[in-house]
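Q: I am new to this structure and would like to look closely at a single part of it, rather than at the whole. Please choose one region, explain the terms as they come up, and take me through it step by step.

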Amino acid sequence: MRKLCVLIAEDSEDDAMLLLRELRKGGYDPEYERVDSADALAHALAAREWDLVISDYVMPGFSGLDALRMVRENGNKLPFIMVSGKMGEETAVEVMRAGAQDYVLKGRFARMLPAIERELRDAEERRQAEEDKKIAAVQWQTTFDAAHDLFLLLDKEYRITRVNQAALRLLGLPAGAIIGRHCYDLIHGTDAPPPECPLTKFYNTRVHEEAEFLNTKFNIWLSASVDPVFDENGNIVQIVHILRDITERKRSEEAFLAQFRQISTIFDELSVIVYVIDPVTSELLYLNKFGTSIFGTDWQGRDVKEVIPGDHPHLCPLTVMSPDSHGAESNAQHIFDSKNPLTNRWYHCVEKKISWVDGRLVHVTVAVDITDLKDMMQMKDELLSAVSHEMRTPLTAISGYIDLILEDNLEEEILREYLAIIQKESLRLNELLINFLSLQQLKAKSPIDNCKPVALRPLLEEVAKLFMAQSAKHRILIDLMEDLPAILVDEGSLHRVLNNLVFNAIKYSPEGGDVLIGAQRGANETVTLWVKDEGIGMPPEVLEKIFDRFYQVESGDRRTFSGAGLGLALVRETVKTHGGEVWVESVLGKGSTFFISLPSAPFLTPGPEGFAPPSA
Ligand code: ADP
């Protein structure tokens, strides 16, 4: 049997008994009180809690509707069932409108039980919902008050309607002195929100706004946000304004920046590139002075790929240390060499993750220009392989012919032929070594230190004499302008330059011909020398490249000419270090002319007794 506290408004004791019997039959153990007047009903309602009210519709001096109104006073939702001897449709509607849960005709009590059942269940659900609402309200209030951030709820006139404990603590005022006032009045002591406060922006935008700013009234840094709350028609009914004290974070950011500024003055003194990027957004956060001298001063806040552009491999480390590839390994360091296509230079880079001012992980990179070192290393490698290859050929020939000479009793003619080959190969070896060593020396120290005025005629004659004996097929001719001024050179170096040019002129004229060595005054106090041959010539597209180290023209039968591709490189390097220029004119199959222009020594003209000042 289920307990049921039922209040019965009924003038007939018998009808009440009938009702009770029906309830017991339905499995209820009713605890009841019967009332038949308004006073008695009021008294009973106040005396205790009831599960249900069952009321007769008609009673002498007191109606069922009166009873219903009394129960519903003060929002009481107690289930109410109206009972009546007879009830028309209109009355039933009136009863339901007045707030009764159901109505039942006397004598049809069988319908009453399910109605009671349903009403009790609904009442329990309502009670539970009320309870949940109360708990939620307490939970919300507790959370609201427990938060360290300042919560201010504002009405649409921007007046405070509610604040949490954190706000009360900062303002040092009781809630009563705060509610109804404007937050800017309390927090900033102003009669409008300051321009930095997101509320100012919110006036116009009506959407979420946030900002960080210094509050001068309390001397604290605030991070503030504003969010509107809308009703179902889209009208703003409330504004949620949350403020957070971020003074500590700001102070440590300032300390970090001050420290970084100090360090960056050191970075600015260095001739290396130092830069910091955010690997997630690829924003360039810092670039030192040396870096700006290369990549420009307009870098702040820009994408690193715009400022330091380039395909892989490039200076920008985004492809090297991606944010995910090293995850939390903030100590990870990456060392790599990279060529930047913008500067066309090689950099040795050390990249490391560090914590930036706001705590995010960023990449700092120090990049040292190692182009010269790379060039030297590359040159060393090329030299080693070229020299070892080129030396092997003459050495093999020399040792092969020496073996032949030693083994057999050779006829004198053949012996001479072999010795000539050995001599030719030794000369070739000698040429190779001289060029190789000269290039090395040029790298190590400038021959300009040994410059002195050199008279050209004796020098050119000496060179011509050297080669005359070597080839019967070639004529070596000299074409010199009279009164040529002396030139300021290191004599040994110029000798080697001319040797190389004449050597080539002969080598690349296999059918023989004239080789002309000439000189004349050039513009701007220079002297132009040339070496002209009638040899195989060169196609125009190679003329730019033949002065590069190890470059050899690869068309036709040229491969049959021995050489290491060092001769013209030495010519160019030497002429360059003397402040001069070198160029070539050539026609394939007709011959080539190499020109050298060198500064003259204008006040010295060579005479029979040596140098004398030029005649006016
Ligand atoms: P190599 O040891 O190959 O002679 P060089 O540096 O002296 O090296 O010359 C580079 C290339 O330039 C040669 O391989 C050759 O093809 C071309 N060259 C140099 N001088 C002449 C010339 N007088 N006539 C035609 N081609 C020449």
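A: A good place to begin is a single pair of residues: His 334 stands opposite Glu 351, which belongs to strand 16. Before going further, please note that this is a predicted model, in which local features need pLDDT of at least 70 and side-chain atom pairs count only at pLDDT 80 or more, while totals for chains, interfaces and linings use all residues. Residues are numbered from 1 along each chain as its sequence is written, and side-chain values use heavy atoms, with hydrogens and water left out.

Strand 15 and strand 16 are joined by 8 bridges in the antiparallel sense, and two strands count as paired if DSSP finds at least two bridges between them. The strands and helices named here are DSSP runs, numbered from the N terminus, with at least two residues (E) for a strand and at least four (H or I) for a helix. Together, strand 15 and strand 16 make a hairpin with 4 residues between them. Asn 344 lies in the loop that links these two strands, and its phi is near 60 degrees, which is a positive value in a residue other than glycine.

Stepping back from the hairpin, one finds that it belongs to an open sheet of 5 strands, which follow the order 14-13-17-16-15 with antiparallel pairing. Strand 14 (284–287) and strand 15 (333–340) are the edge strands, each of which pairs on one side only. From one strand to the next, the twist averages 25 degrees. As for side chains, in a regular strand they alternate between the two faces of the sheet.

Further along the sheet, strand 13 (residues 273–277) runs antiparallel to strand 17 (residues 361–369), and 5 bridges join them; in this pairing, Ile 277 has His 363 of strand 17 as its bridge partner. Helix 9 (residues 247–269) packs on the sheet, where it touches strand 13, strand 14 and strand 16 (345–355), and its direction makes about 45 degrees with that of strand 14. Contact here means heavy atoms within 4.5 Å, and angles, from 0 to 180 degrees, are taken between the N-to-C directions of lines fitted to C-alpha atoms, for helices over the stretch in contact. Helix 12 (residues 371–407) lies across strand 15, strand 16 and strand 17, and runs at about 130 degrees to strand 16.

Helix 9 itself deserves a longer look. Its 23 residues reach 33 Å from the first C-alpha to the last, close to the 33 Å expected at 1.5 Å a residue, where the expected span is 1.5 Å times one less than the number of residues. Among the buried residues of helix 9 are Phe 260, Ser 264 and Phe 267, together with Thr 247, Lys 250 and Glu 253; buried means under 20% relative accessible area, exposed over 50% and partly exposed in between, with a 1.4 Å probe and protein chains only. The cover over these residues includes strand 13 and strand 14, and also strand 10 (209–215), strand 11 (220–230) and strand 12 (236–245).

Strand 12 also holds Val 240, which is itself buried, with a relative accessible area of 19%. Leaving aside residues up to four places away in sequence, Val 240 touches Leu 152, Leu 153, Ser 225, Val 226, Asp 227 and Val 229. Val 240 and Ile 160, although 80 residues apart in sequence, are 9.8 Å apart in space, from C-alpha to C-alpha.
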